[in-house]
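Visitor: I would like to learn how to read backbone features and a sheet from a model. Can we take one case at a time?

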Amino acid sequence: MLIAGGLFDAVVDPGHGKAFDEIEARGLHVFPGVVDAHVHVNEPGREEWEGWRAATRGAAAGGVTTLADMPLNSLPPTVDEDALRAKESSAARSAIIDYALWGGLTGPDQMSLPSLMVHGVVGLKAFLCPSGVPEFPHLDASTLGPALAAAAAAGHLVAVHAEDEALVLKGTEQLQAMNRRDRAAWLESRPPAAERRAIERLSDAARETRARVHVVHASSSAAVTAVHRARERGADITVETCPHYLLFSAEDVDRIGPALKCAPPIRDATSRERLWQHVLSGEIDLVASDHSPCTADLKTRGDDDIWEAWGGVTGIQSLLPVMLSDGVHRRGLRLAALVRLVSGAPARLLGLWPKKGAIRAGADADVALVALEREWTLEAEQLQARSGVSPYVGRSFRGAVVRTLVRGITVFDDGEFPEDAGRSRVGRLVTRMGT
Ligand SMILES: [Zn+2]
């Protein structure tokens with residue numbers, strides 16, 4: 001394969017074509033770089049939680065060459081042009097991979113929607129239940145429809161956290177009234193029915209407003225089935241799941257604790273296998289990390305009272321390894337399907353295709369070189385997260401990212417980050433292309 005000017009030039013037979021520089025990749029698989037559609041970098045504003053340097057190092061170590069950053073939990077949340085500029089400049093200072101930005105949809109009267117579109121955000125993120133941070137309000141029964149209509153009028157894709165506010169509140173109040181503080185209480189408080197109910201509400205609103213919607217982090221078969229029912233009824237809707245729902249189960253939450261607290265929560269092992277069936281049968285459009293770190297303190301404070309811990313899983317570095325180990329090797333996921341789930345489909349969803357997400361002449365030369373059979377364990381010192389906390393630490397994988405290239409530049413090479421010491425940052429903003 002020849003790379004010129006940061007782009008794929010041509011695929012040639014080994015030994016053919018001339019180049020200034022050659023990369024020996026014998027025995028390795030050449031994947032298009034992973035496009036992670038769902039990441040919380042948390043800078044500016046909460047950089048002590050993670051930040052662009054740590055997040056993009058973790059990304060590079062995991063074969064991720066483009067990430068799409070969510071509008072929260074950075075401060076200010078990226079709901080208008082000024083906030084977007086602040087985020088762009090913090091990313092430009094530290095990112096070693098490419099990045100796209102999500103805007104936020106927090107209400108029906110948001111004047112910034114056209115300017116966010118002009119700015120090239122890949123879409124808008126909205127919540128159907130409280131977001132966890134006060135500066136990012138959710139859409140309730142009265143604002144969901146009008147907000148979706150406004151987003152659709154401005155041409156935006158809307159990514160939705162779909163858990164039903166009322167069901168979650170009821171479950172939480174009941175368990176807290178019983179004085180439950182154990183880890184299982186968190187899982188019980190947010191049942192699959194809350195996902196299903198929220199997706200049904202979303203589906204109705206999306207059909208009425210003709211909004212294009214994407215359900216983020218589906219954790220259960222109930223959620224995936226609800227999305228498919230919505231699609232059959234005419235909604236323009238897609239769905240993603242995350243590696244933590246595919247790898248872990250309720251027993252792991254009990255053992256590992258707050259590092260695995262997230263919303264929606266991890267389900268039981270039977271439910272996890274059902275989710276895999278949806279992945280293997282092509283009913284889930286894509287897999288994204290929902291990398292959402294926080295300080296170690298915000299996790300450990302929930303050790304004995306799960307309600308006290310911040311929710312979010314640190315996982316960008318493990319996305320591809322999980323899919324290789326537990327998908328390809330353990331469950332027979334085909335390589336072509338894997339590439340579609342983590343590169344092609346997210347690039348299309350975000351309007352970055354075919355510049356991103358494909359190995360073809362003219363596309364950005366973003367590559368993950370993978371040793372498909374290599375067995376390895378993620379040691380604490382290899383984890384590229386500011387907090388040092390991740391449920392994946394100590395986990396063994398089969399399939400390892402050996403080297404990562406962004407537009408032809410090596411950003412990760414067998415444990416090293418050659419560009420991180422550089423004066424100019426490699427990462428660039430990528431924006432939604434005309435759809
Ligand atoms: Zn998220």
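Guide: Start with one bridge: proline 32 has valine 367, in E13, as its bridge partner. Keep in mind that this is a predicted model.

Visitor: What is the sense of the pairing between E3 and strand E13, and over how many bridges does it run?

Guide: First the general idea. Strands in a sheet pair by backbone hydrogen bonds, and the sense is either parallel or antiparallel. Here E3 and strand E13 (residues 367–377) are antiparallel, over four bridges.

Visitor: In which order do the four strands of the open sheet come?

Guide: The order is E3-E13-E14-E15, with antiparallel pairing. Strand E3 (29–32) and E15 are the edge strands, and each of them pairs on one side only. From one strand to the next, the twist averages 35 degrees.

Visitor: Which strands does helix H13 lie across?

Guide: Helix H13 (residues 319–331) lies across E3, E13 and strand E14 (396–406). Its direction is at about 135 degrees to E14.

Visitor: Now the loops. Which residues does a cis peptide bond join in the loop between strand E4 and helix H1?

Guide: Read omega. For the bond joining glutamate 43 and proline 44, omega is about 10 degrees, and the bond is cis. Proline 44 sits in the loop between strand E4 (34–39) and helix H1 (52–61).

Visitor: What is omega for the cis peptide bond that joins leucine 72 and asparagine 73?

Guide: About 15 degrees for that cis bond between leucine 72 and asparagine 73. Asparagine 73 belongs to the loop between strand E5 (64–69) and helix H2 (81–94).

Visitor: Next, phi. What is the phi of asparagine 42, and is asparagine 42 buried or exposed?

Guide: Look for a positive sign in a residue that is not a glycine. Asparagine 42 is such a case, with phi of about 70 degrees. Its place is the loop between E4 and H1. Asparagine 42 counts as buried because its relative accessibility is 1%, and buried means under 20%.

Visitor: And where is aspartate 414, and is aspartate 414 buried or exposed?

Guide: Aspartate 414 lies in the segment after strand E15 (409–413). Its phi is also positive, near 50 degrees, and aspartate 414 is not a glycine. Relative accessibility is 54%, so aspartate 414 counts as exposed; the cut-off for exposed is over 50%.

Visitor: Let me recap the two phi cases. Asparagine 42 is buried, whereas aspartate 414 is exposed.

Guide: Yes. Asparagine 42 has a positive phi, and so has aspartate 414.

How values were computed
Residues numbered from 1 in each chain as written. Predicted model: local features only at pLDDT ≥ 70, side-chain atom pairs only at ≥ 80, totals over all residues. Heavy atoms only, no water. Helix = DSSP H or I, 4+ residues; strand = E, 2+ residues; numbered from the N terminus. Buried < 20%, exposed > 50% of the residue type's maximum accessible area, 1.4 Å probe, protein only. Pairing = 2+ DSSP bridges. Axes fitted to C-alpha atoms, helices over the stretch in contact; angles between N-to-C directions. Contact = heavy atoms within 4.5 Å.
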